[in-house]
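Colleague: I have a chain on the screen and some labels attached to it. Please take me through the grounds for each label.

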Amino acid sequence: MIQPLYALVFGEVAVILVLLFRTPLRKPLLMLLDRLKQGRGPVVASTAGGTLFVIMMSLIYNITTIQTRTVEGGGAVNPTDQVLLANQLLEASLLGFALFLALMIDRIHYYIKEVRMLRKHMEAIKRSEHKSEEAKTKGKAKAEDDDDSS
């Protein structure tokens, strides 16, 4: 179970890096994330995230039972318990990292979309201001021409 978790964490890190820097892969990735957030995508993502969270809590419970068994046993640590503890601690850590990185991907995608919408809105405002300035200058120039001709 550790190898798929490593692949998941490294894949999520790669997605975050592609989103953070302007690369040719950024636009297709944003389109893919947009499509994943439509329809049944959020339901599937929250179900998968909830399942991973439940598995992580189960692993944490197992870790605490192993630790309490060690404390109750007088402090002598069984080598089998050490191996189990290390393995489950690694799995729980990787699951926690994966859930955190998935949350980061979601927020980065949201902020990129928000910045894009704000830029478009600002460009529209600048265009309308530029048009109104042109209309004012044309109106002043026309008024000055009328004053000069009279």
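Modeller: Leu59 is a fair place to begin: Leu59 has a relative accessible area of 8% and is called buried. Bear in mind that this is a predicted model.

Colleague: Why is Leu59 called buried?

Modeller: Buried means under 20% relative accessible area. Leu59 has 8%, so Leu59 is buried. Leu59 lies in helix α3, which covers residues 41-72.

Colleague: What does Leu59 touch, leaving out residues up to four places away in sequence?

Modeller: Leu59 touches Gln88, Glu91, Ala92 and Leu95. A contact here is a case of heavy atoms within 4.5 Å. As for Ser93, the C-alpha atoms of Leu59 and Ser93 are 9.6 Å apart, with the two positions 34 residues apart in sequence numbering.

Colleague: Gln88 was in that list. Is Gln88 buried or exposed?

Modeller: Gln88 has a relative accessible area of 15%. The cut-off for buried is under 20%, so Gln88 is buried. Gln88 is found in helix α4. Beyond four places in sequence, Gln88 touches Leu59, Asn62, Ile63 and Ile66.

Colleague: What makes Asp81 a buried residue?

Modeller: The same kind of test applies. The value for Asp81 is 12% and the limit is under 20%, so Asp81 counts as buried. Asp81 is in helix α4, residues 79-149, and touches Ile66 and Arg69 when residues up to four places away are left out. Val13 is another matter: the C-alpha atoms of Asp81 and Val13 are separated by 32 Å, and the two are 68 residues apart along the chain.

Colleague: How much of the chain is buried?

Modeller: Buried residues make up 19% of the 150 residues. The accessible surface comes to about 11,300 Å², and 66% of that belongs to carbon and sulfur atoms.

Colleague: Why is the pair of Tyr6 and Phe10 called stacked?

Modeller: The search of the whole structure finds two aromatic pairs. In the pair of Tyr6 and Phe10, the ring centres are 6.1 Å apart and the planes differ by 15 degrees. Rings pair if their centres lie within 6.5 Å, and planes under 30 degrees apart count as stacked, so Tyr6 and Phe10 are a stacked pair.

Colleague: Why are Tyr6 and Phe10 separated by about one helical turn?

Modeller: Because Tyr6 and Phe10 are four residues apart in helix α1, residues 2-20.

Colleague: Which accessibility labels do Tyr6 and Phe10 carry?

Modeller: Exposed means over 50%, and partly exposed lies between that and the limit for buried. Tyr6 has 35%, so Tyr6 is partly exposed. Phe10 has 57%, so Phe10 is exposed.

Colleague: What is the pattern of the chain along the sequence?

Modeller: The pattern is α-α-α-α, with four helices and zero strands.

Colleague: How do you know that the chain is more spread out than a compact globule?

Modeller: The radius of gyration is 29 Å, and the globule rule gives 15 Å for 150 residues; the value is well over the rule, so the chain is more spread out than a compact globule. The C-alpha trace spans about 110 × 30 × 25 Å along its principal axes.

Colleague: What share of the contacts with a separation of 6 or more comes from residues 24 or more positions apart?

Modeller: The share is 77%.

Colleague: And how far apart are the mean positions of the charges?

Modeller: The mean positions of the 19 positive and 16 negative charges are 7 Å apart.

Conventions
Residues numbered from 1 in each chain as written. Predicted model: local features only at pLDDT ≥ 70, side-chain atom pairs only at ≥ 80, totals over all residues. Heavy atoms only, no water. Helix = DSSP H or I, 4+ residues; strand = E, 2+ residues; numbered from the N terminus. Rg over C-alpha atoms; globule rule 2.2 N^0.38 Å. Buried < 20%, exposed > 50% of the residue type's maximum accessible area, 1.4 Å probe, protein only. Areas by Shrake-Rupley, 256 points an atom, 1.4 Å probe, with all protein chains shown as cover. Lys, Arg positive; Asp, Glu negative; His and termini not counted. Charge placed at Lys NZ, Arg CZ, Asp CG, Glu CD. Phe/Tyr/Trp six-rings, centres within 6.5 Å; stacked < 30°, edge-to-face > 60°.
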